[in-house]
Amino acid sequence: MSDPQNANPTPPPYEGATPPPPAYGSAPQYPVAPPAADPYGQGAYPAGPANPGKTLGIVAFILSFFLQLIAVILGIVALVQSRKAGQKNGFAVAAIIISIVLMVIGIIIGIVVLTQFMGLANQIVTNCGPGGSGFVEMWGQQVPCDEYDSGY
């Protein structure tokens with residue numbers, strides 16, 4: 001049974017016994033499992049359901065720091081789209097909250113600034129007009145009407 005062309009014949013496969021461990025330095029050979037059956041036809045790892053409002057929610061979140069009214073509208077649209085798909089949209093909720101808070105802060109600051117300038121305008125009209133005292137209080141200092149051009 002000696003073959004002169006094949007000096008190292010391979011032994012027959014083991015039947016019913018475990019195969020010997022691999023030689024030192026070689027990688028172990030593991031059996032490769034066949035790919036799992038794909039009931040959805042989307043590949044080995046099916047993606048979750050799509051969230052149609054996710055991108056719009058991110059855009060609304062970014063705009064919430066600059067253009068609050070537009071961000072509120074886009075955030076609401078993104079949230080409605082996500083809810084219809086049965087998904088959550090944290091970016092849309094955050095955009096709505098941030099936009100509303102910043103709008104309220106902006107309105108309060110606007111009212112304070114407007115009342116300050118309206119008070120200054122009232123002083124200018126009453127004090128620098130005909131028969132006025134000739135002084136206007138501006139930033140806590142008395143300023144003569146000559147230094148402030150009132151238009152009279």
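What share of the contacts between residues at least 6 apart in sequence join residues at least 24 apart? I looked this up before anything else, and for this protein the share is 46%. A reminder to myself: this is a predicted model.

**Overview**

I went through the elements and found three helices and two strands. Read from the N terminus, their order is α-α-α-β-β. I then checked burial: of the 152 residues in the protein, 16% are buried. The exposed surface comes to about 12300 Å², and 66% of that is supplied by carbon and sulfur atoms.

**Helix α2**

Next I turned to α2, residues 68-84. I wanted to see whether its length fits its residue count. With 17 residues at 1.5 Å each, the helix should span 24 Å, and the C-alpha atoms at its ends are 24 Å apart, so the two agree.

Which residues of α2 are buried? I noted Gln68, Ala71, Val72, Gly75, Ala78, Leu79 and Ser82. These residues sit on the same side of α2, because they cover an arc of only 135° around the axis. On the other side of the helix I found Leu69, Ile73 and Lys84 exposed. Just a little further along, Gly86 follows α2 with a positive phi, near 75°.

**Nonpolar core**

I looked for the largest nonpolar core and got seven residues: Leu120, Ile124, Cys128, Val136, Met138, Val143 and Cys145. Both α3 (90-128) and β1 (135-138) supply at least two residues of this core. The biggest contribution is from α3, which gives three residues.

**Aromatic rings**

How many aromatic pairs are there? I count two. In one of them, Phe61 and Phe65 meet edge-to-face, with 5.5 Å from centre to centre and 85° between the planes. The other joins Phe61 to Phe91: the centres are 5.5 Å apart and the planes stand at 65°, over the 60 degrees required, so this pair is edge-to-face too. Since Phe61 belongs to helix α1 (residues 54-63) and Phe91 to helix α3, the pair ties together parts that are 30 residues apart in sequence.

Phe61, Phe65 and Phe91 thus make one aromatic cluster. Are these rings buried or exposed? I checked each against the cut-offs, where buried means under 20% and exposed over 50%. Phe61 has 24% relative accessibility, so it counts as partly exposed. Phe65, at 46%, is partly exposed, and Phe91, at 38%, is partly exposed as well.

Key. Residues numbered from 1 in each chain as written. Predicted model: local features only at pLDDT ≥ 70, side-chain atom pairs only at ≥ 80, totals over all residues. Heavy atoms only, no water. Core = buried A, V, L, I, M, F, W, Y, C linked by side-chain atoms within 4.5 Å. Buried < 20%, exposed > 50% of the residue type's maximum accessible area, 1.4 Å probe, protein only. Helix = DSSP H or I, 4+ residues; strand = E, 2+ residues; numbered from the N terminus. Expected span 1.5 Å × (residues − 1). Arc of directions from axis to C-beta. Contact = heavy atoms within 4.5 Å. Areas by Shrake-Rupley, 256 points an atom, 1.4 Å probe, with all protein chains shown as cover. Phe/Tyr/Trp six-rings, centres within 6.5 Å; stacked < 30°, edge-to-face > 60°.
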